[in-house]
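Thank you all for coming; I would like to use these few minutes to walk through the cavities and then the sheets of the structure that I am about to put on the screen.

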Amino acid sequence: MKPTETHAFPEGITGPDVSFDGGDLDCGNGLLLLIRKHIDPMARGQLLEILSTEISVDEDLPAWCRLTSNELVSFRKVGKQRSFVIAKGKFAERGAGEERHGSGAHRTTDVAGAHHSRGAHTRTEPVAAPPVPAMSVMGIGSWPRPRWMVEAMHSYVEGKLDEAAFHETANDAVRLVVAAQERAGAGVLTDGEQRRDSYASFVATRLDNCQLIPLTDVLPLVDDPEKFERELRALDVPAADVRHPAVLGRISRSRPLAGHEADFLRTLTAKPLKVALPGPYLLTRTMWMECLNERAYESREELAQDIVTALRAELKDLLDAGVSLIQFDEPVLSEVVFSGAKSGPSFMCGALSESREPAHELAFARDLVNAVVEGSPRDRIALHVCRGNWTPDESVALSGDYRPLVDTLKQMRVGAYLLEMCTPRAGELEILKALPDEARIGVGVVNQKCAEAEPVEEVEAKIRRAIDLFGKDRLLFHPDCGFATFADNPICSAGSAEDKLKVIAQAVERVR
């Protein structure tokens, strides 16, 4: 679109619904974050005006519109001053049952929620945590959200659903997840991560100076957007559905990341609870992109220090809340050893940033995990590693056994390792014998990517093999990964998830 000296608004429209001045910011230096901050609360079809004096925006902003499917309606330029008018989605969608906002006031898009509306507890002293029995059956974390839960999440983000209604809806979804786990025979329960948009990026809605942006927003910022977009397509990554954390300033934790989830879950069951958190290395890799971070942090190591501080505080709160097992997810470790160093962004479970050679990255990850868990009881801390769970397509997931990882894993001060082992891509179970003798071994015995539940005899055989290697007292059993890592892109259905947990529980009963 060529610029004009005056805006050509559609018939019946006299001006934009919302306007802001981006000054001389370019798209990679904060402008896209401001656009996202203003456009997210708007109704589809409403008009956003962006004022800018930065010349590079002339090309970058139309490219962003194409990638994110927002319509560039008008472009005015007078001297150095530029004015872009963008419709959220398509202008033709305007007024299709949407409430007119007009004020442009920003609503905080906190999909994880500050509090649940009922069942909240104010703790004056630590809550006792039930022990996790040997041979316990559990999910890894996420559970497919009902369609109405996903719709509620989107409506809340877009400002169409208030916080109280969102949490009432989420509470109902959690009740269904707990009931399904109970029916299946799980011994340790999660809330299915129903309030989260994904297993890791949700922290952007909880940490100060951090926000979620669609993965498509990142494409114009990388050196070769077309190459990166081709890679995402090849990996079957739904870029329009995946949101990425963007750091606006120095991050801090002024409210819980998942404590509110645990508090509500504890009102529904007396069984041991498990809460999964993204690990510090995963968060550092996910949050560090030089094009988005250069104003806040000089290096990813500096960012990592603040991430460690936030996770240490969260870990203490979850321990005090009576959570029996706190699991740190570090799936990107697999990318380190099976993909090697990379100089540009790629996608592996949401981690986009560059990495160095494997030895450096593994040592960095080990030190970050140990810094988070230092001084905490090992028997209540677990580490989860897999090889990618963004698509059911096995052909695009990473492959390789645990030999390149085992030395790093055994140096991490955790009490349990919950590992992908069902898929042949994970290699031989015997390799895990190198892990510390005092640690528990969680063995993935069903593949969540396969729609049908495995035969109980097949799962029983895997369990018996694990018992031969480690003995019953050290073992825990679970799927290879979560059932719905990303809210908009579940790996399987809720019915399939329940069937898979049930077959694990049935197989465990056969060998007790």
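Let me begin with α7 (259-266) and β8 (274-278), each of which supplies at least two residues of the lining of the second largest cavity, with β8 giving the most, namely three residues. Helices here are DSSP runs of H or I of at least four residues and strands are runs of E of at least two, numbered from the N terminus. Before going on, I should say that this is a predicted model, in which local features need pLDDT of at least 70 and side-chain atom pairs count only at pLDDT 80 or more, whereas totals for chains, interfaces and linings use all residues. Residues are numbered from 1 along each chain as its sequence is written, and side-chain values use heavy atoms, with hydrogens and water left out.

By a cavity I mean a set of points, on a 1 Å grid over the protein atoms alone, where a 1.4 Å probe fits but cannot get out, and lining residues have an atom within 4 Å of a point. Grid points are joined across faces, edges and corners, and the volume is the space filled by probe spheres set on the points. The second largest cavity holds about 70 Å³ of space, and among the residues lining this cavity are I140, D191, R196, E261 and K274. That lining divides into four nonpolar, two polar and five charged residues, where Ala, Val, Leu, Ile, Met, Phe, Trp, Tyr, Cys and Pro count as nonpolar, Asp, Glu, Lys and Arg as charged, and the others, Gly among them, as polar.

How many cavities of 30 Å³ or more does a search of the whole structure find? The search finds four, and the largest has a volume of about 100 Å³. Of the 16 residues that line the largest cavity, I140, Y199, D329, C481 and T485 are the closest to its centre.

Turning to the sheets, β8 also belongs to an open, parallel sheet of seven strands in the order β5-β13-β12-β11-β10-β9-β8, where two strands pair if DSSP finds at least two bridges between them. Because β5 (136-137) and β8 stand at the edges with a single partner strand each, one side of each is left without a neighbour in the sheet. Within this sheet, four bridges join β11 (residues 416-419) to β12 (residues 440-446), and A416 stands opposite R440 in β12.

Finally, there is an open sheet of four strands, with mixed pairing and the order β1-β2-β4-β3.

Key:
On a 1 Å grid over the protein atoms alone, a cavity is a set of points where a 1.4 Å probe fits but cannot get out, and a pocket is an open set with protein on both sides within 12 Å along at least five of seven lines; lining residues have an atom within 4 Å of a point.
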